[in-house]
Structure formats: C-alpha cells, structure tokens
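Please walk through the fold of this chain, from its overall make-up down to individual elements and residues.

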Amino acid sequence: MTDDALDAVLDRVSERVTPDADERERLRAVATELTARAEAAIEELPVDGDVTQVGSSARSTWLAGDRDIDLFVRFPTEIDREELERCGLDVGHAVLPDGHEEYAEHPYVKGEYEGFDVDLVPCYAVDSATEIRSAVDRTPFHDAFLQARYTPELAEAARLLKRFMKGVGVYGSDLRTEGFSGYLVELLVLEYGGFRPLVEAAAEWHPPVRFDLRGDGGRPGTADPDGDGGTAEVPPDVAEAAEFDDPLVVIDPTDPDRNVAAVLSAANLARFQHYCRELLDDPRESLFFPEPTESIDPDSVREHLDRRGSHVVAVVFDTPDVVEDQLYPQLRRSLGGVADELDRRGFDTLRATTFANGVGESASGTSVLFVETGVGELPAVERHEGPPVHVGEHAGSFYDAYADDESTYGPFVDGDRYVVEREREHRTPEALLRSDTLFDVALGTHVETALGESYEVLVGDETATLAEEFGEALRAYFEPAV
C-alpha cells in the first residue's frame, strides 16, 4: 500500500461525507429556529432554563445527509425529577407539536421538523459532569470539551472515522450494536490528531488499551505507546481516574469515573482492528460504503443446514414491549442461558445468535433465540456417578436411593465409585426447550414474561421459514464474515 493510494481514497470519501454549504446553512437556520421556539416555551414555565445544541451537528462533525438536531433544555438543580420531566415535556411538545415521547433515563420528546429528526431532552444544569443527577446531564460538558479543542481538520477526520466505522459495522453505542459512540470517535481523533495516525495505531493495539485526555488539551501522545495497556502519563494535579477492566478504556475527560468505551464489545474492537489493517493493506471505498446485505431465502437456509449436518432449534416469541436498549441485553442473557443449559446437558452448542423486529413499536414483532448444536439426539440413558464406595454414609445414601429403582441400571461399581445409568430427562434440544426446564435457565425478565405467555420451537428445516422476516440476519449467520 502506498500513502498516495490511501490518501486518494480518503479524499474521495471525505468529499462524499462532508456537508456542503447549503446543507450547513439549512441546519444552522433550523437549529436557530428550534432554539428560539424552545426559549419561548421556557418563558411560559414557572422555572428558569436555557437551551443548548449538542452532538455532531453542533460540532460540524455530522455526515452529509444525516439530519439530526439535538437540543438540551437545562433546568436548575433545585427542582425535583418529576418537575424536570414535566417541564421538559412541556417544552418538547411546544417545540414539536407532532412529536412523540421516548424514554431513556427519563422521558423526552422526539419528532421531525422541516425534514430534520429532532431530540429535545431535559437535563439538570449541574456545575460539572461529576455532579450529574441524570445520565444526560454530562452531555453538554462533552460538547463543551470538544468544541474548545476541535479544528476543521479534526472534524474532517471525525467524519472519516464515523463513516469507516459505519461501513464495517462497529458504529453505535446502543446496546444492540455495542460499538463506538460519536463522542468516543471524536475523543480518539483528538487523541491521535487525525484519521490516518489513529488507524495506523489501532491496527497494532494489544488490548487492554487505555487513554486519558485529561489535563493535556487533547494533545496526541497520552496513549500507551507500546499498546500494552499501560496507563498514560497524566499531570499530578489531575484527579486519579477509576480503574476499568474493559478492552478499550477512554477516560471521560469530564468525568474520570466513567469509561467512554464501556459499551464497546471485545468483538467490535477486534473487528475494528481487523478492518484498520484491511484499509492499510488495500485502501478502497467499499470499506466505507459497502454493498447492502441481501436477504437469504428459505431454500438457501435449507441448503446450509444440509451442508452443515448440525441440529438447529429456534425459540420464537412475541417481542417484549420494551425499548431496544432494554431488549437486547435481555435477549443475549436468555440466549446465553439456553446455550449453557444445552451444553450442560451434552448437546454441544456450536454457535448461537438472537434477533428481533418490531422493537419499541405499537404492534408486536417477533424475537428469536437461534441455537445450533452438534448433537441432535442423545441416548435414552445417561451416566450418573456417585461417590467412592469407601465414603461411608454418603456412599450408602447414594446406593440406597437407587437400589430399588427399576428404571435405572445399577447401582454398580465402576472403578471405586457407585454408578447408575438412569433415564435421560431430555433426549433432544427441542424437548428441553419445550419443557418447563426452559424457565430454569437464566432468562431476561421481559423475555421470560413473553415466553410464559406463548412461544414456539422450530426444529431443523422448520427454521428456514424465519428467512421471510430475518433474511439478512440469517445470511449473516450462515455466511459469517468479520
């Protein structure tokens, strides 16, 4: 790879992702109008407040075509949470009459205005991010920290990194994606001073990797230069940060007790490193703008199943009525509980995944726990070992428990132990999943409730019907790539 080849790709991508003058002016005008409307609504409240624009649109780091405006309404800390929510929603609905309420830590109003997606979020006007009373209270501090340090060149690098991460599937701090947040992207760009030096360094990271931008003005070089997880030097007058055991640690410069990269999964960090090497080895725009994934059809699913010769089961149920950031952790917990139980019973889980639709919508969608095992059927009996014969009373209790049980083989002695061969409770994965044993595994709270109402277990070729709703997810499963 030559520097010229990568530079040429980055120049072309930058041209595609940089908003033009008309787009910038349009966003500025709409944000100004919305801010004025919010300030007018605040005048009608019994409490004071102010409005600030935050996020990528405030820092000129948004991607061309993205039409998001985030406005935060800050209220005095003297009011309680209930009044904060009430006043915040009053302002939100005044600014966005056709908007709807969504809920993060507390409710806020989301809507569309002049073609822009607008979030109007109430928060407390705390003095520092270490004094937050609500998770969103720190966001204005994030914005102020970056605005004081960002240049047009860094903004260009941030846009390149966001587009690259979107292209390779690791952008987004929601709990479905478990990727890089926009704030994390911009801190990393600030740390390294540009897109290329970050990508070159990331390709060689050896997690855990730790960064601390506090007290240095965002000057590159505070990262562990050897990539061995060592802590960067921080001036002695800067407060000590908390310890974290995440694969990537980026201390929040506004709150040293927070790791900005806490949501990032180890898999997505590894995926990012892989594609950094890909970009350096073979620069190409398709890493930034990949072709969309095509859905797989049921016949192709059946072909994969025949080829693999494995045993597939899917637990299918109505998607619980919770927001995405609540649902996906519960789906993963439930999937892990099912896979662990199948392993414990001897069915040898090869791989498993979960997917859902209709999340947060008024009409219920479908959720799936999809598990592939190496064993489809076990013998009717299973071996159950007791204690060594010489362990007196304990061994005698085991012997007596089975001595008159005609359904077992034994007790007999194998080596120095009593052993019985008893009837296996569940011979197939589907038998286990259709039984009450499913509710003995670790399930997410809302998932367990949904399963208690109704669920279906699909087996083998029956799972191919899921391609009608989840064709893209099933293609990603049966045709895996980094």
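The paragraphs below take the whole chain to begin with, then its strands, its helices and two buried residues.

The model is a predicted one. The chain averages a pLDDT of 93, and 94% of the residues score at least 70. Residues 216–238 are a stretch to treat separately: pLDDT stays under 50 there. For residues 216–238 the model has 40 contacts beyond four places in sequence.

The secondary structure of the chain comes to 15 helices and 15 strands. Measured out along its principal axes, the C-alpha trace spans about 85 × 60 × 55 Å. Of the 482 residues, 47% count as buried. Contacts between residues at least 6 apart in sequence can be split by separation, and 68% of them join residues at least 24 apart.

Strand 4 is a convenient place to begin with the strands. This strand covers residues 107–113 and is mostly covered, with 5 of its 7 residues buried. Strand 3 (residues 100–103) runs antiparallel to strand 4, and 4 bridges join the two. One of the pairings sets His100 against Lys110 in strand 4. The connection from strand 3 to strand 4 is a hairpin through 3 residues. Strand 4 is also joined to strand 5 (residues 116–124), by 5 bridges and again with the strands running antiparallel. Here Tyr113 has Phe116 of strand 5 as its bridge partner. Strand 4 and strand 5 form a hairpin with 2 residues between them, and Glu114 in that turn has a positive phi of about 55°.

Further along the chain there is an open sheet of 3 strands, in the order 12-14-13, with antiparallel pairing. Strand 12 (381–388) and strand 13 (409–414) stand at the edges; each has a single partner strand, so one side of each is left without a neighbour in the sheet. From one strand to the next the twist averages 25°. Strand 13 and strand 14 (residues 417–423) are antiparallel and are joined by 4 bridges. Within this pair, Phe412 stands opposite Val419 in strand 14. Helix 12 (residues 392–403) lies across strand 12, strand 13 and strand 14, and runs at about 150° to strand 12.

Among the helices, helix 6 (residues 152–168) can be checked against its expected length. It has 17 residues and reaches 25 Å from its first C-alpha to its last, close to the 24 Å expected at 1.5 Å a residue. How much of helix 6 is buried? The count is 13 of the 17 residues, so helix 6 is largely enclosed by the rest of the structure. Gly169 follows helix 6 and has a positive phi, near 85°.

Two helix pairs show how helices pack here. Helix 7 (residues 182–192) and helix 8 (residues 195–202) pack at an angle of about 95°, with their axes 8 Å apart. That makes helix 7 roughly perpendicular to helix 8. On the helix 7 side the contact is made by Leu188, Val189 and Tyr192, and on the helix 8 side by Pro197, Leu198 and Ala201. In the other pair, the axes of helix 11 (residues 324–344) and helix 14 (residues 445–453) come within 8 Å and cross at roughly 70°. Helix 11 and helix 14 are therefore roughly perpendicular to each other. Their meeting residues are Gln330, Leu331 and Ser334 in helix 11 and Thr445, His446 and Val447 in helix 14.

Two single residues complete the tour. Ile79 is found in the loop between strand 2 (68–75) and helix 4 (81–95). Is Ile79 buried or exposed? Its relative accessible area is 7%, so Ile79 is buried. Leaving out residues up to four places away in sequence, Ile79 touches Val47, Leu84, Tyr124 and Arg133. Val47 is 32 residues from Ile79 in sequence, and their C-alpha atoms are 8.4 Å apart in space. Pro256 is found in strand 8 (residues 255–259). Because its relative accessibility is 14%, under the 20% limit, Pro256 counts as buried. Pro256 and Ala129 are 127 residues apart in sequence, yet 9.3 Å apart in space from C-alpha to C-alpha.

Conventions
Residues are numbered from 1 along each chain as its sequence is written. This is a predicted model: local features need pLDDT of at least 70, side-chain atom pairs count only at pLDDT 80 or more; totals for chains, interfaces and linings use all residues. Side-chain values use heavy atoms; hydrogens and water are left out. Two strands pair if DSSP finds at least two bridges between them. Axes are lines fitted to C-alpha atoms, for helices over the stretch in contact, and angles run from 0 to 180 degrees between N-to-C directions. Contact means heavy atoms within 4.5 Å. pLDDT is the predictor's confidence in each residue, from 0 to 100. Buried means under 20% relative accessible area, exposed over 50%, partly exposed in between (1.4 Å probe, protein chains only). The expected span of a helix is 1.5 Å times one less than its number of residues. Angles under 35 degrees count as roughly parallel, over 145 as roughly antiparallel, 65 to 115 as roughly perpendicular and the rest as oblique.
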